[in-house]
Every structure is written in C-alpha cells, then in structure tokens.
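Colleague: I'm new to this one, so could you take me slowly through a single part of it? Pick a spot and work outwards from there.

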Amino acid sequence: MTCRVEFSRLRLLCWGLSVALSLFLHRTAAADVKLPAIFASHMVLQQGQPDRVWGWAEPGEEVTVSIAGQTKTAKAGEDGKWLVTLDPLKVGGPHTLAIKGKNEIKLDDVLVGEVWLCSGQSNMQWALGQAVDGVLESLAADFPQIRLISVPQVGTQEPQSDFKGQWELCTPETAKQFSAVGFFFGRQL
C-alpha cells in the first residue's frame, strides 16, 4: 500500500512538473518576435518608397528593425502586433534585415528592387515548365536576382495574417515552378 501511494504521489508530482514546464515553454515561445512568411531570407523590398515591416511580439515589447544603415523602432500593441515603416531604399543588396526584440531574427540576402504582384486568373498560375520551350527556358534560368514567393489560395472570407510560403531564387532547378508570365516579365525587367 505504501509503495502504491508513493507511486501516485510521484506520478502527480511529474504531472505537475510537466504542466509547469509546458506553461513556461508556451510563455517563452509567445514572447518571441515573429514575422509573417512574406518577410524571409531572399526577399525583395520595393525600391524608392517607404516599406512596411510588421509582425508579432509580446504586448508592450519594443521591436527594432535595421537594414542598410537605418533603424526603426516600434512597440507591440495590446494585441501583440507591431509595425515599422522604413525610409525609401535604393536599388541594391544583398542586405541583412535584422529584427530584434527579446529574440533576434536575421534575414539574409535581402534585395531592394522592383516588386510586382502576379495576380489574376489561372494564366498567372501557368508554370514555366508548361510553357512552349519552358524546359529550355528553365535550364538557362540562372537569374538569382529574380525571386518569387507564391501565396497559396485559401478559401475563406476572412482576411489572413500569414500563409505558408518561402522566397525562391530563380535557378534552373526552381524556375520550372515559377509563373511563366512572372518569369518572362521579371527577365524583361
């Protein structure tokens, strides 16, 4: 009987410790500065205009964003959202975009140039690999300054704050999946 009581106490103690640890880890993770997928390594910022950078942090947390010699600071609101507006940047790079709060995020290989939205009907989804001579075009597509991020279609009536996606450099391996219209437009620019 004593062994069974001690085992139950030990199990209760372990359960209590695991709950406390998970609450601690959740609070620690919630405090980290986070960014939506649109802000990632290999991204492109629009040249010649103010660019907004935003994300989430612990309410009241001060967040600092730095790139190309400029630094902007914001404080996360009660909802944890923060936003800074960068001064217009000149064409160039690669730069490092650093976002710092209680943690630090460094985004590498950030370019400043032309950003275009390829949006519309299904013709914008037509992949380069499916175009006439698309295989040949993709084999010669070594244009690392052309970058693409695809935002998946989500069937919802509610605005979305994030998505799953990543910036891709235009290489012979990745170009086949690029929007054909976007690829030829970017190459022409």
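Modeller: Happy to. A quick word on names: helices (H or I, at least four residues) and strands (E, at least two) are DSSP runs, numbered from the N terminus. Residues are numbered from 1 along each chain as its sequence is written, and side-chain values use heavy atoms, with hydrogens and water left out. Bear in mind that this is a predicted model, where local features need pLDDT of at least 70 and side-chain atom pairs count only at pLDDT 80 or more, while totals for chains, interfaces and linings use all residues.

Let's start at Arg 147, which sits in strand β8. Arg 147 counts as buried because its relative accessibility is 13%; buried means under 20% relative accessible area, exposed over 50%, and partly exposed in between (1.4 Å probe, protein chains only). What does its side chain reach? One partner is the backbone oxygen of His 42, at 2.9 Å. Another is the backbone oxygen of Pro 144, 2.7 Å from a polar atom of the Arg 147 side chain. A polar contact here is a pair of N or O atoms within 3.5 Å; within protein, one must be able to donate a hydrogen and the other to accept it, and residues adjacent in sequence count only if both atoms are side-chain atoms.

Now the wider surroundings. If you leave aside neighbours within four places in sequence, Arg 147 is in contact with His 42, Met 43, Val 44, Asp 109, Leu 111, Trp 167, Glu 168, Leu 169 and Phe 178, contact meaning heavy atoms within 4.5 Å.

Several of those names lead on to other parts. Val 44 stands opposite Leu 111 in β7, and three bridges join β1 to β7 (residues 104-113), the two running parallel. Strands pair if DSSP finds at least two bridges between them. Asp 109, also in β7, has a positive phi near 60° although it isn't a glycine.

Step back and you'll find an open sheet of five strands in the order β1-β7-β6-β3-β4, with mixed pairing. β1 (44-46) and β4 (70-75) are at the edges with a single partner strand each, so one side of each has no neighbour in the sheet. In β6 (residues 92-100) you'll meet Pro 94, and the peptide bond from Gly 93 to Pro 94 is cis, with omega near 10°.

Met 43, one of the contacts of Arg 147, also belongs to the largest nonpolar core. A nonpolar core is a set of buried Ala, Val, Leu, Ile, Met, Phe, Trp, Tyr and Cys residues joined through side-chain atoms within 4.5 Å. This one has 28 residues, and those touching the most other members are Met 43, Leu 45, Val 65, Trp 82, Leu 97, Ile 99 and Leu 107. The elements giving two or more residues to this core are β1, β3, β5 (81-86), β6 and β7, and the largest share, four residues, comes from β7. Phe 178, another contact of Arg 147, is in a second, separate core of 10 residues, which also includes Leu 128, Leu 148 and Ala 175.

One last link from β8: along with α2 (134-139) and β9 (168-170), β8 (143-148) is what the buried residues of α3 pack against. Ala 180, Gly 182 and Phe 183 are the ones buried in α3 (residues 180-188).
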